[in-house]
Amino acid sequence: MAKYTGPVCRLCRREGSKLYLKGDRCYSDKCSFTERGFAPGQHGAGQTRKKVSEYGIQLREKQKTRRIYGVLERQFRNYFEKAERQKGITGVNLLIMLERRLDNVVYRMGLAESRNQARQLVRHGLVNVNGRRVNIPSFLVKADDVVAVREESKESPIMKKIAESLGHKQAPAWIELTAADMSGKVMRYPTREEIDIPIQEHLIVELYSR
């Protein structure tokens with residue numbers, strides 16, 4: 001499957017806002033977006049932003065959401081279609097589904113500094129769901145599922161480093177984190193108020209409804 005392999009800070013500059021794709025670095029003075037918040041382009045060509053149409057605004061909101069969660073276009077469209085068939089508000093359903101991705105849950109638990117790092121941990125088979133290894137980042141967790149680092153993986157250098165800082169991190173209210181065991185239980189699905197990403201999901205719904 002194709003994936004973006006370029007500099008992720010360029011994506012933040014393209015969207016005109018921080019997407020927090022590099023974890024703690026995005027909160028530090030080393031953040032590239034803080035120094036160069038203008039759109040990318042050669043010789044300063046991207047330093048001025050043109051007036052964007054209504055369609056352009058909707059498109060950028062969709063692209064921004066895709067990039068935050070690391071989802072490709074076709075997969076994102078599939079999520080939207082599933083969200084549309086569910087009861088409730090389509091945009092909220094979409095965000096909840098994205099939050100239920102295993103890579104996002106691993107990130108929310110504090111087991112990774114970014115969603116990209118969380119995807120790598122899952123792909124490398126370092127994570128169990130209900131005691132069984134799952135190496136699919138897009139796996140959707142359900143209420144009462146237990147996500148944990150595999151016992152044999154806890155001795156790896158990267159997991160030991162994460163374990164040292166895990167006790168100082170706080171998981172969202174919908175996840176019950178057991179730092180000592182490097183595990184977390186999904187108590188319920190998150191509410192819209194608990195999803196702290198800068199997204200206006202109604203713009204995505206309007207885009208796909210055109």
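**Helix α3**

Begin by selecting residues 54-69, the extent of helix α3 in this predicted model. Gln 63 belongs to this helix. Is Gln 63 buried or exposed? Its relative accessibility is 13%, and because the cut-off for burial is under 20%, the residue counts as buried. Display the side chains of Gln 63 and Lys 62 together: they make a polar contact at 3.1 Å.

**Helix α4 and its salt bridge**

Move next to residues 73-85, which form helix α4. Select Arg 77 and Glu 81 and show their side chains; the two form a salt bridge in which the closest N and O atoms are 3.5 Å apart. Why are these two residues separated by about one helical turn? They are four residues apart in helix α4, and therefore about one turn lies between them. Colouring by accessibility places both partners in the intermediate class: Arg 77 is partly exposed at 34% relative accessibility, and Glu 81 is partly exposed at 32%.

**From helix α5 to helix α7**

Now select Glu 99 and Arg 115, whose side chains meet in a salt bridge with an N to O distance of 4.0 Å. Glu 99 lies in helix α5 (residues 90-99) and Arg 115 in helix α7 (residues 115-123), so this pair ties together parts that are 16 residues apart in sequence. Both Glu 99 and Arg 115 are buried.

**Lys 160, Glu 155 and a wider network**

Continue to Lys 160 and Glu 155, which form a salt bridge with their closest N and O atoms 3.6 Å apart. Lys 160 has a relative accessible area of 43% and is partly exposed, whereas Glu 155 has 54% and is exposed. Then return to Glu 99 and Arg 115 and add Arg 108 and Asp 196 to the selection: salt bridges that share partners join these four residues into one network. Across the whole structure, a search finds 15 salt bridges.

**Strands β1 and β3**

Switch to a cartoon display and select residues 127-129 and residues 146-149. These are strands β1 and β3, which run antiparallel and are joined by three bridges. To locate one of the pairings, highlight Asn 128 and its bridge partner in β3, Ala 148.

**Two loop residues with positive phi**

From β1, step to Asn 130, in the loop between β1 and β2 (132-133). The phi of Asn 130 is positive, at about 55°, although the residue is not a glycine. Asn 130 is partly exposed, with a relative accessible area of 44%.

A further case is found at Asp 144, in the loop between β2 and β3. Asp 144 is not a glycine, yet its phi is positive at about 80°.

**Strands β3 and β5**

Keep β3 selected and add residues 183-186, which make up strand β5. β3 and β5 pair in the antiparallel sense over three bridges. Which residue of β5 stands opposite Val 146? Lys 185 occupies that position. Select Val 147 as well, and Gly 184 of β5 will be found opposite it.

**The hairpin of β4 and β5**

Finally, add residues 175-178, strand β4, to the view. β4 and β5 pair in the antiparallel sense, in this case over four bridges. Select Ile 175 with its bridge partner in β5, Val 186; then select Thr 178 with its own partner in β5, Ser 183. The hairpin of β4 and β5 has four residues between the strands, and Met 182 in this hairpin takes a positive phi near 55°.

With β3, β4 and β5 displayed together, the pairings of β5 can be followed in turn: β5 pairs antiparallel with β3 over three bridges, and antiparallel with β4 over four bridges. Adding β1 to the view completes the tour, since β1 is joined to β3 by three bridges in an antiparallel arrangement.

Conventions. Residues numbered from 1 in each chain as written. Predicted model: local features only at pLDDT ≥ 70, side-chain atom pairs only at ≥ 80, totals over all residues. Heavy atoms only, no water. Pairing = 2+ DSSP bridges. Buried < 20%, exposed > 50% of the residue type's maximum accessible area, 1.4 Å probe, protein only. Polar contact = N/O pair within 3.5 Å; in protein donor to acceptor, adjacent residues only side chain to side chain.
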